[in-house]
Each structure stands twice: as C-alpha cells, then as structure tokens.
Amino acid sequence: MSGMQFTAASSGTAHTNTSLKSRIGRLLLRVILLAQSLFVIYPLVWNVLASFKTNKEVLLSPWSLPGSLNWDNFVRAFTTAKMGDYMFNSVMVVALSMAITLAVVVPTAYVLARMKFPGRKFLTNVYMAGLFIQGVYVVVPIFLVMNDLHMLDNRFWLSAVYAAGSMAFSVYLLIGFLKSIPREYEEAAMIDGCGYFGTLFRIIVPMARPGIITVVIFSFFDFWNEYVLAMTFISSEHKKTIPVGLSNLFEIQRYATDWGSLFAGLVLVLIPTIVVYSLLQKKLTEGMMLGGLKG
Amino acid sequence: MEMYRQVFLLDRERMVTAMSTKMKRTGFILACLIPGLALFSLFRIYPTLQIFHKSFFMWSAIGDEPKFIGFKNFVDMFQDEVFLLSLRNTGILMLIVPVLTLAIALINASILSKSKLRESGFYRTVFFFPSILSFVVIAILWSFIYHPSIGFLNASMELIGLDEFVMPWLGHEKTVLWALAVTMVWQAAGYYMVMYIAGIDGISPEYYEAASLDGASRIQQFFSITIPMLWEIIRVTIIFIINGVISISFILVSIMTAGGPNRHSEVAITYLYGQAFKNGNFGYAMAIGVVVFIISLLLALLSNRLTEREAS
C-alpha cells in the first residue's frame, strides 16, 4: 500500500528506489548464498589443508595454513596405512560390479521394456518393489546366505551383491529410457536379419547410450562409496575397500593420533569423486531428473 | 499334383520357420532375464523373505538350528529399553532431517532459479557436491568439526566470544542427535535442491509474470505459485528422504558416535546390526528389521496421505 502511494507521489524517484531495493535484496541473497557455500566448502578445504599439516599444526588451530607442503602424510598413507591396497581393491570391486550390473541390467530392461510375454508385468513389479528394499535392511540375511554358500570374504561376490543392489534402480531407469526409442529401428534390423541378440547389441545398446551412461555414473558413486556391505562381508585386511580402510584408520587414529595420514587418505578418496563429478556434472544432474522426477 | 506338393512344402517350411522364430524369441527372452533374475533372487528377494520368515525364530548362533517362537521377538522388543530408545532417536531424526532439508532445499532452489544471479551455476555445483561424497568421508570430517579440542565449531565459538557454549557436541546426550541431524542436512540439501530446480524450471514463467504484475512479492509468489506447483515433487521427495535417513544415520552413528554417549544416539538400524553381529541374535535382529521396515513404510503412507490434496 505505502509503496503504491509513494509511486503516485513521485514516479520519478520510484524507479531508482525499487532498483536500489532490488540491489540491496540481491546483495542480501548473495551474502546468504556465499555463507552457505562457505559452510559446504569449508570442511573440504580444511581437510585438504590438514592433509599437508604435521600433527602439531593440526592441533594448533583449525584455520592456520600448513607451514610447508608435507607430502610425508601421503607417503605414510600409502606405506603404513596401506591406502594403495585399499584403493586397488576399490577399483577392482567397482569395475567388477559395474561389469556385472551392465551385463544383467541392459538385457533385462530391454526385454521388460520391449517384449510381450506372460509374467512381464509381474516381473517388472518385482524389480520396482526392490526400490524400497534398502541394503541396510537385508545386510543380516545376505550375510547368512553368503555364509552358507561360502561367499564371504570374497571380492567377486561382494561385487555381485553390489550389482544386485543397484539392479532395481538401474532397470527402472533404463526401462523408461528404452521405451522412448522408436520401434522402427528394431523392426528394420530384424528384417535385415540381425537376429535378437544382434539387434540388442548393435542397434539398441548404441542408441541407449545416454541412459546407460546415467546408470554407470550413479553406480560409480554407489559402489565407490559403499561401506556397510563391504565392512560386513570382507574380513581380510588385504581385501578391504577404501571406505572400510578409512573408517578403520579413523578408529585407530583416535588413540594413536597420526592424523596426517588419515587426512591424506580422505583426500585420496575424494580425488576420483571430484574428477568424475567435474567431468560429468551435467550428465549426473540430468540423470537425476530422469530417475527422480518420473517417479 | 506337383503343384500341391510344392504348396504343402512351402506351408510346412513356413510353419517350421515360424516355430523356430518363436523358439528363438523365447530363448532370447530367457537368456536376457535369467542371469539378472538369479542375481536379484539370491541377493535381494530371498534375503527379504528371510527377514520376515526368520523374525519368528530364536536363532542365537550361526551354527544353531533356528527355533520357532512365534511373536516372542516382537513382544521382547517392546520391553527392550535400548530398542525403544533407538526407535525414539530414529523417529526424531526422521522428523527433524526431512523438514530442515526440504525447507532449505526449496528456498535455495527458488532463489537460484528465480533471482537470475550470474553466478548461480557456481552455487548449484557447490551445494550439490556433498551428495556425491562417501558417507564415511562425511562422517570422519564432521567428527573433526565437532571435535572438543581441535574442532572447528568450538574454535569459532571461542573466536566470536561464545565461550560458554563450547562443548563436546557428540559427547553430550542433549546435543548429539542435533549434531548428527545437521550433518545429514549438510549432506542432502543440495541433492533435493537440484530436483526442485528442475521442477521450478518446468513451471511456466507466465504464472510468475502475471503474479508480479498483480504486485505479488517474491515471497508471496513462493507460497502461492512455487510450492503448489511443486507439490507432487515435494511429496515424492519426502518419501525419498525418510528412506535416506535410515541408511545414512546407520553409517554416521556407527562411525561418529558408536551409539554413545550412553546409547543416546543409537538408531534402530545400528541396534539391529549390533544384535546380529556382536550378540549373534540373528532372529531378534531380523524382527527389528521387520519393525523398522514397516514403520518407514507407514510413515511414507502417512506423509502421502497428509500431503494429499483434494482433487479440485
């Protein structure tokens, strides 16, 4: 109300007044957003700085810069803390689980999206129901199954469990994607005598590449960061993945206080995530919408 | 005669090829489905059925034969004080975390998509970043933020003169759940923000133009356009985040506090895990799993019902 009266009184200054108001508003927004950015970034920056600090410097103040670049921490992370071994295991488990996931998910999603056969609807619903069963609920029974079948402490079977865990989401995402590909391509391929498998691998897979890439990105983060299952199913020190190795190291460092190598270890886990994120950021957020919003 | 024979042959050929294409098709379908189904059955379907089945058994060591005891596990559970405390803690987190996360995510999303700041891409990238970090890394980092002597939080309190509030955040019964909740919000807010931005970008700009012509302020537009138009997405994200709280709280609690101090940060799933792998009570652990699963399902249904709008 008062604004309107003001405008009526002097329309000349009103314009500069609103632009001043909006400028102050923008400044305020920026301050809020920058404060939040700091809140998000600070722990990570602190971590990187701490990975170069000596133990004494870590104790001194959370703001100070490291006196010199202490690469020792990274060396110790690899030698005494065995981060290299953990990293190798993680890379292996991620690669294996990814291979298994793609090998089972692409054909499953294709058949469920495209072929008509009795039980299709039921099977699709079974996979969709899987979206609601999170890993944490089924750790105990999976452990017991693996114990019966002598699959514990084995990186291959851990990868198989990972793949099974990501199936529901990946099948759901790919079915949605495959349904959007026009049928004419397959029909033409069949007439050309490609056969079912030929059509799937030579026509459908290349066309579904964006969907498959989305599955790969999401699974990468899931597998690389997974902790609960790896902690439960792997017992040998030399087979542990990096999140488990780190949490063990954290447990020890509470009392032993070689913090430097712990922080260096954390940085080592962050690097691949940051690289993948910066390369594929756009694909990732697009994929999220594909997977998230259609639900 | 010759002609009939040819027709007959052709017909037979056609039938044979029809049959073989049908068999090929069936073979293809089976070849595509069986490996995935085998994997999924072994590591998802069978374990899920096991939870429900074995929750009626007393089973206290791997080698033992499980003994059927009916509903005893469930009855015991509601007399088990630690379980009840863990359920209460889970409930508190399921309440605080979704509300804070979604409120922050919504506000940030509408600021970033409506204010047209030049650097909004930067904020978007930064805010989203925590949601791709490993929970283990987040748990360790935040343990140091809350660290009583070298922690950032206490150091900054001292810096701005709030010395009397300096405390071991994770070591105090009153603050520990809040400290964990803040970490969870830090982790998840950016993820939901990106979802909401996508939703807001899908709203026709004409609504906002019409509203600002009518003199509606930004805040009025937020409540009268953005929230109603995003309602369906908001409903879905509430369910996502309730599920998210269950799995992230397990990792944060087991790394940051181990359920302490004095079980005041124990959540239902960490208690379940301890019962199974520390005490060997597999039957009891699975019964807890059933109860937590049902509760989270009921919560999802409840929130769905509460947020339902009358078809108008």
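**Figure 1. Helices H5(B) and H9(B) meet through residues such as Trp142(B) and Ile255(B).** In this predicted model, the H5(B) side of the meeting consists of Phe135(B), Val136(B), Ala139(B), Ile140(B), Trp142(B) and Ser143(B). Facing them from H9(B) are Ile248(B), Ile251(B), Leu252(B), Ile255(B) and Met256(B). Sorted by class, the residues of this contact are 10 nonpolar, one polar and no charged. The two axes come within 9 Å and cross at roughly 45°. An angle of 65 to 115 degrees would be roughly perpendicular and one under 35 degrees roughly parallel, and H5(B) and H9(B) are therefore oblique to each other. Their crossing is right-handed.

**Figure 2. Helix H5 of chain B, residues 135–145, is mostly covered.** Here you can follow the helix residue by residue: 11 of its 11 residues are buried. Among them are the aromatic-bearing positions Phe135(B), Trp142(B) and Phe144(B). The list of buried residues also includes Val136(B), Val137(B), Ile138(B), Ala139(B), Ile140(B), Leu141(B) and Ile145(B). Ser143(B) is buried too, and Ser143(B) takes part in the meeting with H9(B) shown in Figure 1.

**Figure 3. Helix H9 of chain B, residues 218–257, also packs against helix H3 of chain B, residues 81–114.** The axes of these two helices come within 9 Å and cross at roughly 140°. Angles over 145 degrees count as roughly antiparallel, and H3(B) and H9(B), at their angle, are therefore oblique to each other. The crossing is right-handed. On the H3(B) side, the contact is made by Thr90(B), Leu93(B), Met94(B), Val97(B), Pro98(B), Thr101(B), Leu102(B) and Ser110(B). H9(B) contributes Phe222(B), Thr226(B), Ile234(B), Thr237(B), Ile238(B), Ile241(B), Ile242(B), Val245(B) and Ser249(B). By class, the residues of this contact divide into 11 nonpolar, six polar and no charged.

**Figure 4. The loop between H9 and H10 of chain B holds Ala258(B) and Asn262(B).** Have a look at the backbone here. Ala258(B) is not a glycine, yet its phi is positive, at about 55°. Asn262(B), another residue other than glycine, has a positive phi near 55°. For Ala258(B), the count is 14 C-beta neighbours inside 10 Å, so this residue is classed as partly exposed. Asn262(B) has 10 such neighbours inside 10 Å and therefore counts as exposed. The helix that comes after this loop, H10 of chain B, spans residues 268–277.

**Figure 5. Helix H8 of chain B, residues 205–213, is hardly covered.** None of its nine residues is buried: the count is zero. After H8(B) comes Gly215(B), with a positive phi near 85°. For a companion view, turn back to H5(B), which is mostly covered.

**Figure 6. Leu29(A) sits in helix H2 of chain A and touches residues of chain B.** Its partners are Ile111(B), Ser115(B) and Leu117(B), leaving aside residues up to four places away in sequence. With 16 other C-beta atoms within 10 Å, Leu29(A) is therefore partly exposed. In the wider interface, 63 residues of chain A are in contact with 59 residues of chain B. Helix H2 of chain A, residues 11–50, supplies the largest share of the chain A side, with 11 residues. That side is made up of 45 nonpolar, 16 polar and two charged residues.

**Figure 7. Chain A contains 14 helices and zero strands.** Read along the sequence, its pattern is α-α-α-α-α-α-α-α-α-α-α-α-α-α. Of the 295 residues of chain A, 37% are buried. Among contacts in chain A with a separation of 6 or more, 76% join residues 24 or more positions apart.

**Figure 8. Each chain is shown with its domain 1 and domain 2.** In chain A, the domain assignment gives domain 1 as 2–50 and domain 2 as 80–292. The centres of these two domains, taken over C-alpha atoms, are separated by 42 Å. In chain B, domain 1 covers 2–50 and domain 2 covers 72–306. Here the corresponding separation of the domain centres, again over C-alpha atoms, is 48 Å.

Methods
Residues are numbered from 1 along each chain as its sequence is written. Chains are lettered from A and ligands numbered from 1 in the order in which they are written. This is a predicted model: local features need pLDDT of at least 70, side-chain atom pairs count only at pLDDT 80 or more; totals for chains, interfaces and linings use all residues. Axes are lines fitted to C-alpha atoms, for helices over the stretch in contact, and angles run from 0 to 180 degrees between N-to-C directions. Helices (H or I, at least four residues) and strands (E, at least two) are DSSP runs, numbered from the N terminus. A crossing is left-handed if the near helix is turned anticlockwise from the far one by less than a right angle, and right-handed if clockwise. Two residues are in contact if their C-beta atoms, placed from the backbone, lie within 7 Å. Ala, Val, Leu, Ile, Met, Phe, Trp, Tyr, Cys and Pro count as nonpolar, Asp, Glu, Lys and Arg as charged, and the others, Gly among them, as polar. Domain bounds come from an automatic or database domain assignment. A residue is buried if 20 or more other C-beta atoms lie within 10 Å of its own, exposed if 12 or fewer, and partly exposed in between; C-beta atoms are placed from the backbone.
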